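Reader: I am new to reading structures like this one. Could we go through it together, one question at a time?

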There are 2 protein chains.
Amino acid sequence: MEKEKTDKKDHILDVAERVFAEVGFDGASTRLISSEAGVNMAMLNYYFGSKEGLLLAIFARRTAVFKDLVKNIGTTENISCWDKVDRYIDAYTERVFNNNCFQKMLYQELAITRKGELTDKITEMMMGSVNEFKKIIQDGVNSGEFKTDTDVELLIATLYGSKNFILNTPHISSIMLGYEVHNQENLDNKLKPRLKAYLKKLLNLYLLK
Amino acid sequence: MEKEKTDKKDHILDVAERVFAEVGFDGASTRLISSEAGVNMAMLNYYFGSKEGLLLAIFARRTAVFKDLVKNIGTTENISCWDKVDRYIDAYTERVFNNNCFQKMLYQELAITRKGELTDKITEMMMGSVNEFKKIIQDGVNSGEFKTDTDVELLIATLYGSKNFILNTPHISSIMLGYEVHNQENLDNKLKPRLKAYLKKLLNLYLLK
DNA sequence: TTCTATTAATCAAACGATTGATTAATTTTG
DNA sequence: CAAAATTAATCAATCGTTTGATTAATAGAA
């Protein structure tokens, strides 16, 4: 029935997302993906048209969820700009830790100079999140709450990049931190609160007068 | 003659490094690499044995150079720990901006869970650089120059990650910054000094009491 | 209900194209 | 000349995709 079909498609998307994150888009053969998902190879084309269609479907699913999550922290009234930054860091950290396979896949695609439709879709999604944060910082600078010589763009690079380094170079960060970052329990219990606290302190020192 | 042979091999390594950075290892066919380099396809195997051998040769060439660059800022006498951090940021920024194709390729490989020899070689190279910086920070904490609650590992993630975000997601960062980050002139004249100044201020605020 | 049509889902097999690699022949070099 | 460098042609393997057939599920007509 209809529900089971959706479940199966969702299952394939889950598996493909993980495999793409692990070995990259070009490194992931349709045979590997289908065998990992426990489905016949032809089902990928049957459901998603092509390998690239599968990739697009993964992005479509996540972006649909993200639109709700990124929304209007910046427009909340009656709280300081720093509190907005604080909330943004919380929301952002939660989001990326709960979708770390997708995040890893996302930045692998961003690193590659490919053609067409997907790049635009990714860029649009990223810029939405970026501009939300940018607006918060800019408001804080304009209102005098934050330092005037704040480098907003590089601060964004720090926010996104610090997390990327941890999650997207697991070989290195696991050695650095002393525990396996692929382990979701370590991620949730150890790394997530640590990263939140670190980012808040770092940005607080950099932004506030 | 011997010199020309080395030149040709070096030329192939240059081109392959760029192509790997642009489309990833799996996305770069030997035919594409050889045509971009203007050599016959068989020359890749003739010189480097295999496609993976070519990748290894790229790493071997860069690591040989890096061993000289990473050396002993930490053991310099008679300067403060902060001055060491200052110098490290300078040296690090210079290094990554002058090898941004290699850097991009490096982190694409680090993101992928692959087998064997290369991963160990990459990890060793990275940890050498990481530990050098870690030692500087740790000395500063122990001597009382830096704050005691410094999160060294996440600070490393910030240092490396901020730069990675700028250089490895050119689509996004070019929009953010308002100019093309692939343009080496923009990189050297605009971004490099800006990133240096930003990182120094950020780390200064975070580290110093 | 029971029999028949229709549709969706699934499969093994095969397709043409491309992959990385190798061969054997040729050219260049010393 | 002999050795090294370079080439076009070719190799088996794997790639993403398509095929035709089969099963399972649903709907319609009696």
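Reader: How far does a polar side-chain atom of B:Lys51 lie from a phosphate oxygen of DNA strand C?

Author: Happy to start there, and please keep in mind that this is a predicted model. A polar contact here is a pair of N or O atoms within 3.5 Å. The side chain of B:Lys51 has a polar atom that meets this limit with a phosphate oxygen of DNA strand C, and the distance is 2.7 Å.

Reader: Which elements give two or more residues to the surface near DNA strand C?

Author: Both protein chains take part. Chain B offers helix H2 (30–37) and H3. From chain A come helix H1 (2–23) and H3.

Reader: And which element gives the largest share of that surface near DNA strand C?

Author: Let's look at chain A. A:Tyr46 is among the residues that come nearest to DNA strand C, and a polar side-chain atom of A:Tyr47 is 2.9 Å from one of the strand's phosphate oxygens. The largest share, five residues, comes from H3(A).

Reader: What part of the atoms of DNA strand C within 4 Å of the protein belongs to sugar or phosphate?

Author: The atoms within 4 Å are split between bases on one side and sugar or phosphate on the other. One phosphate contact involves A:Lys8, with a side-chain N or O atom 2.8 Å from a phosphate oxygen. The sugar or phosphate part for DNA strand C is 54%.

Reader: Now for the other strand: how far is a phosphate oxygen of DNA strand D from an N or O atom in the side chain of A:Lys51?

Author: DNA strand D has phosphate contacts with both chains. In chain B, a polar side-chain atom of B:Lys8 lies 3.0 Å from a phosphate oxygen, and a polar backbone atom of B:Asn40 is 3.2 Å from one. For the side chain of A:Lys51, the distance is 2.7 Å.

Reader: Which element gives the most to the surface near DNA strand D?

Author: Elements giving two or more residues are helix H2 (30–37) and helix H3 (41–48) of chain A, along with helix H1 (2–23) and helix H3 (41–48) of chain B. By class, the residues of this surface are seven nonpolar, five polar and four charged. With four residues, the element that gives the most is H3(B).

Reader: Where does UniProt place the "DNA-binding region" in chain A?

Author: The feature comes from an unreviewed UniProt entry. The stretch it covers is 80% helix and 0% strand, with its end C-alpha atoms 15 Å apart. UniProt places it at residues 29–48.

Reader: What kind of axis relates chain B to chain A?

Author: In general, two copies of a chain are related by a rotation about an axis and a shift along it. Here a rotation of 180° with 0.0 Å of shift superposes chain B on chain A, with an RMSD of 0.0 Å. That relation is the one given by a two-fold axis.

Reader: Which residue of chain B comes closest to the rotation axis?

Author: We can compare the residues of chain B by their C-alpha atoms. At 2.0 Å from the axis, the closest is B:Gly161.

Reader: How much area is buried between chain B and chain A?

Author: The contact involves 50 residues of each chain. The copies meet through the same surface, because 100% of the interface residues of chain B are also interface residues in chain A. Carbon and sulfur atoms give 70% of the buried area, which is about 4,500 Å².

Technical notes. Residues numbered from 1 in each chain as written. Chains lettered and ligands numbered in written order. Heavy atoms only, no water. Least-squares fit on C-alpha atoms with pLDDT ≥ 70 in both. Contact = heavy atoms within 4.5 Å. UniProt positions renumbered as here; feature names shortened; annotations may be inferred. Polar contact = N/O pair within 3.5 Å; in protein donor to acceptor, adjacent residues only side chain to side chain. Nonpolar A, V, L, I, M, F, W, Y, C, P; charged D, E, K, R; others polar. Buried area = accessible area lost by both parts, 1.4 Å probe. Near = heavy atom within 4 Å.
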